[in-house]
Amino acid sequence: MSRYTSNQYQAKQANAYGLIHYTDNEHRMWSELYQAQISLVHRHMVNEYIEGLHHIDLPSHRIPQCSEVSEKLQKLNGWQVEPVPALIAYDRFFNMLANKRFPAASFIRRQEDFAYVKEPDIFHEIFGHIPLLTHPQVAAFSQFIGELGSNVTADNHAWLARLYWFTIEFGLIKNKNNINGVVPMGSGLASSPTELIYAASSEAPQRRPFDVMDVLTTPYRIDIKQPIYYVLESFDQLAEISARNLVIDILQARKMGLQDPHHLLAKAC
Ligand SMILES: C[C@H](O)[C@H](O)[C@H]1CNc2nc(N)[nH]c(=O)c2N1
Ligand SMILES: N[C@@H](Cc1ccccc1)C(=O)O
Ligand SMILES: [Fe+2]
């Protein structure tokens, strides 16, 4: 499933106690990533992410186990983090979100992928996702997408996934205090040293206002820095999206068809 990317990572299996063994080198990789990102996220990420980071209080020098992160998260809002081998298919992904379980790919990136890795690793899942999952609107939206995904036929999944991708994974959000009026909020930005800076300040990517039909019809690639980001007005907009009849929106999007992906390929980097 994760094999369409160029870097082969070996899935890690949990032992009988649900624990995953990491080598000293792997713990060191977390430690170095944490050190690099902690100052960058303070400088660039949306404030709600930073608040979440304080609430969840992740270890800085070793890879945490899902069980210890779950313990804290469960007290805050009932969510849990569960180890999975790697990228998982939509049906399982939606099913887990519907049940307030967040899937965490358990391997950690190697040195050559330090600044950007082409598939989710444990640093992305925990450091990238969990802080914002403490935010009520983000948690509610994630569960909502999971429930909707579990209740529709599989041919709707890729359409729905784009709503998740352009918000939770790689969304930006309006912020008056920032020079260009937007700040990164997505987990894929919080976990990548290079894409965080690129999303926050590069002039290369497009930044479009969040529009459901535009988002539904915009194809994305998971393995390159995003050529297009969508900008939410506020966290409340997640509730507005959930209040729509998205099944009708998807029907409409199908009629419109996907937008031309060629500009995505041209700008691949
Ligand atoms: C819906 C969307 O494609 C999304 O990025 C999913 C897909 N599968 C995943 N699988 C794992 N293990 N971790 C993730 O963060 C995701 N994200
Ligand atoms: N690119 C992200 C990981 C990621 C890959 C694919 C999808 C989502 C996130 C990082 O370097 O941290
Ligand atoms: Fe993710």
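In this predicted model, the side chain of Arg110 lies over the face of Tyr9, at 4.3 Å from the ring centre. A second arrangement of this kind involves Lys225, whose charged end sits over the ring of Tyr198, 5.5 Å from the centre of that ring.

From charges over rings we can turn to rings beside rings. A pair of aromatic rings is described by two quantities, the distance of the centres and the angle of the planes. A search of the whole structure finds 14 aromatic pairs, and one of them is formed by Phe166 and Tyr220, which meet edge-to-face with 6.0 Å from centre to centre and 90° between the planes. This pair counts as edge-to-face because its angle is over 60 degrees. The two partners come from distant parts of the chain, 54 residues apart: Phe166 belongs to helix H7, which covers residues 157-169, whereas Tyr220 is found in the loop between helix H10 (212-216) and strand S6 (228-232). Phe166 has a relative accessible area of 2%, and therefore it is buried, the limit for this word being under 20%.

Tyr198, the residue whose ring lies beneath the charged end of Lys225, also takes part in an aromatic pair, this time with Tyr229. Their rings are again described as edge-to-face, with 6.1 Å from centre to centre and 65° between the planes. Here too the pair links distant parts of the chain, since Tyr198 is in helix H9 (residues 193-201) and Tyr229 is in strand S6, 31 residues apart. Tyr198 counts as buried at 12% relative accessibility, and Tyr229 is buried as well, with a relative accessible area of 0%.

Phe166 and Tyr220 are also members of one aromatic cluster, in which they are joined by Trp165, Phe170, Phe210 and Tyr230.

The last stop is ligand 2, which is surrounded by 13 residues, the closest being Arg109, Tyr116, Val117, His124 and Ser191. Several polar atoms of the protein can be followed to atoms of this ligand. A polar atom in the side chain of Arg109 lies 2.8 Å from an oxygen atom of ligand 2, and an N or O atom in the side chain of Ser191 is 2.6 Å from an oxygen atom of the ligand. Val117 takes part through its backbone, where a polar atom is 2.8 Å from a nitrogen atom of ligand 2. On its own, ligand 2 has 330 Å² of accessible area, and the protein covers 99% of it.

How values were computed:
Residues numbered from 1 in each chain as written. Chains lettered and ligands numbered in written order. Predicted model: local features only at pLDDT ≥ 70, side-chain atom pairs only at ≥ 80, totals over all residues. Heavy atoms only, no water. Phe/Tyr/Trp six-rings, centres within 6.5 Å; stacked < 30°, edge-to-face > 60°. Helix = DSSP H or I, 4+ residues; strand = E, 2+ residues; numbered from the N terminus. Buried < 20%, exposed > 50% of the residue type's maximum accessible area, 1.4 Å probe, protein only. Lys NZ or Arg CZ within 6 Å of the ring centre and 35° of its normal. Near = heavy atom within 4 Å. Polar contact = N/O pair within 3.5 Å; in protein donor to acceptor, adjacent residues only side chain to side chain. Areas by Shrake-Rupley, 256 points an atom, 1.4 Å probe, with all protein chains shown as cover.
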